[in-house]
Structure formats: structure tokens, C-alpha cells
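Hi,

Here is the structure I promised to pass on. Have a look at it first, and then read on for what turned up.

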Amino acid sequence: MTQLLLFLVALLVLGHVPPGRSEFKRCWKGQGACRTYCTRQETYMHLCPDASLCCLSYALKPPPVPKHEYE
């Protein structure tokens, strides 16, 4: 009986642990991650809705838009 009770308590505790990937929200069309700070391999793109940084890998960063000269 005590083993069954211990098993039920363990299931209840494990049921309340969030999954590992839910720590960071996705941004920038699912390619970036909302974080407090970006790593060395990432660059800041814009702010997420919760005011954290949207970090995007340098490999995924879009190229800069060329500036047109006005005539």
C-alpha cells in the first residue's frame, strides 16, 4: 500500500514539471528565441511581446536591405 501511495505522489509531482523546451518562446517566424540575453552566436533582432530579446543565430540573420540613392 505504501508503494502505491509513493508511486501516486511521484506521478503528481512529475506532472507539474514543465517540459524543457517551454523555457524560451519562439519568435521571428519560429527561427528565433525570446530570451533575457543572447549568446555569442546570436544577434538581437527585436523585442518579444513579454519585453525579452528575440535572439537569432548569425547564420539565420537576414541580409541588410540595400539603400537606394534618390535622384
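Let me start with one of the disulfides: the link of Cys38 and Cys55 is left-handed, with -85° about the S-S bond. Cys38 sits in the loop between E2 and E3 and Cys55 in strand E4, so this pair, 17 residues apart, links distant parts of the chain. The S to S distance in this bond is 2.0 Å. How buried or exposed are its two ends? Cys38 counts as partly exposed, because its relative accessibility is 22%, while Cys55 counts as buried because it has 2%. Do keep in mind that this is a predicted model.

Now for the layout. The protein chain has one helix and four strands, and from the N terminus on the elements run α-β-β-β-β. Of the 71 residues in the protein chain, 17% are buried. The chain exposes about 6,700 Å², and carbon and sulfur atoms supply 64% of that area. As for contacts with a separation of 6 or more, 14% of them are between residues 24 or more positions apart.

There is also a database note. UniProt, in an unreviewed entry, lists residues 26-55 for "domain: Beta-defensin". Over residues 26-55 the model is 50% strand and 0% helix, and the C-alpha atoms at the two ends of that stretch are 9 Å apart.

Next, how the strands go together. Strand E1 covers residues 25-27 and pairs with E2 in the antiparallel sense, over three bridges. Across that pairing, Lys25 stands opposite Cys34 in E2. The hairpin of E1 and E2 has four residues between the strands, and in this hairpin Trp28 takes a positive phi near 50°. E2 also pairs with strand E4 (residues 53-57), again in the antiparallel sense and over three bridges. Here the bridge partner of Cys34 is Cys54 in E4.

E2 itself deserves a closer look. In a regular strand, side chains alternate between the two faces of the sheet. In E2 (residues 32-35), Gly32 and Cys34 point one way and Ala33 and Arg35 the other way. Are these residues buried or exposed? All of them are buried.

Back to the disulfides: how many are there in total? The count comes to three. With the bonded cysteines counted along the chain, they follow the pattern 1-5, 2-4, 3-6. You have met the link of Cys38 and Cys55 already, and here are the other two.

Cys27 is joined to Cys54, with an S to S distance of 2.0 Å. This link is right-handed, with 95° about the S-S bond. Cys27 lies in strand E1 and Cys54 in strand E4, so the pair ties together parts that are 27 residues apart in sequence. Both Cys27 and Cys54 are buried.

Cys34 and Cys48 form a disulfide too, and their sulfur atoms are 2.0 Å apart. The link of Cys34 and Cys48 is left-handed, with -90° about the S-S bond. Cys34 is in strand E2 and Cys48 is in the loop between E3 and E4, 14 residues away, and the pair links distant parts of the chain. Why do both ends count as buried? Buried means under 20% relative accessible area; Cys34 has 7% and Cys48 has 5%. Cys34 is a good residue to click on, since several of the points above involve it: Lys25 stands opposite Cys34, Cys54 is the bridge partner of Cys34 in E4, and Cys48 shares a disulfide with Cys34.

One last residue, Glu42. Glu42 is in strand E3, which covers residues 42-47. Is this glutamate buried or exposed? Glu42 counts as buried, because its relative accessibility is 14%. Which residues are in contact with Glu42, once its neighbours within four places in sequence are left aside? They are Arg35, Cys55, Leu56, Ser57 and Tyr58. Two of these names have come up before: Arg35 is one of the buried residues of E2, and Cys55 is the buried end of the link to Cys38.

That's the tour. Happy browsing!

Note on methods. Residues are numbered from 1 along each chain as its sequence is written. This is a predicted model: local features need pLDDT of at least 70, side-chain atom pairs count only at pLDDT 80 or more; totals for chains, interfaces and linings use all residues. Side-chain values use heavy atoms; hydrogens and water are left out. Buried means under 20% relative accessible area, exposed over 50%, partly exposed in between (1.4 Å probe, protein chains only). Contact means heavy atoms within 4.5 Å. Two strands pair if DSSP finds at least two bridges between them. Accessible areas come from the Shrake-Rupley method with a 1.4 Å probe; for residues, only the protein chains shown count as cover. UniProt positions are given in the numbering used here, feature names are shortened, and annotations may be inferred rather than shown by experiment. A disulfide is a pair of cysteine sulfur atoms within 2.5 Å.
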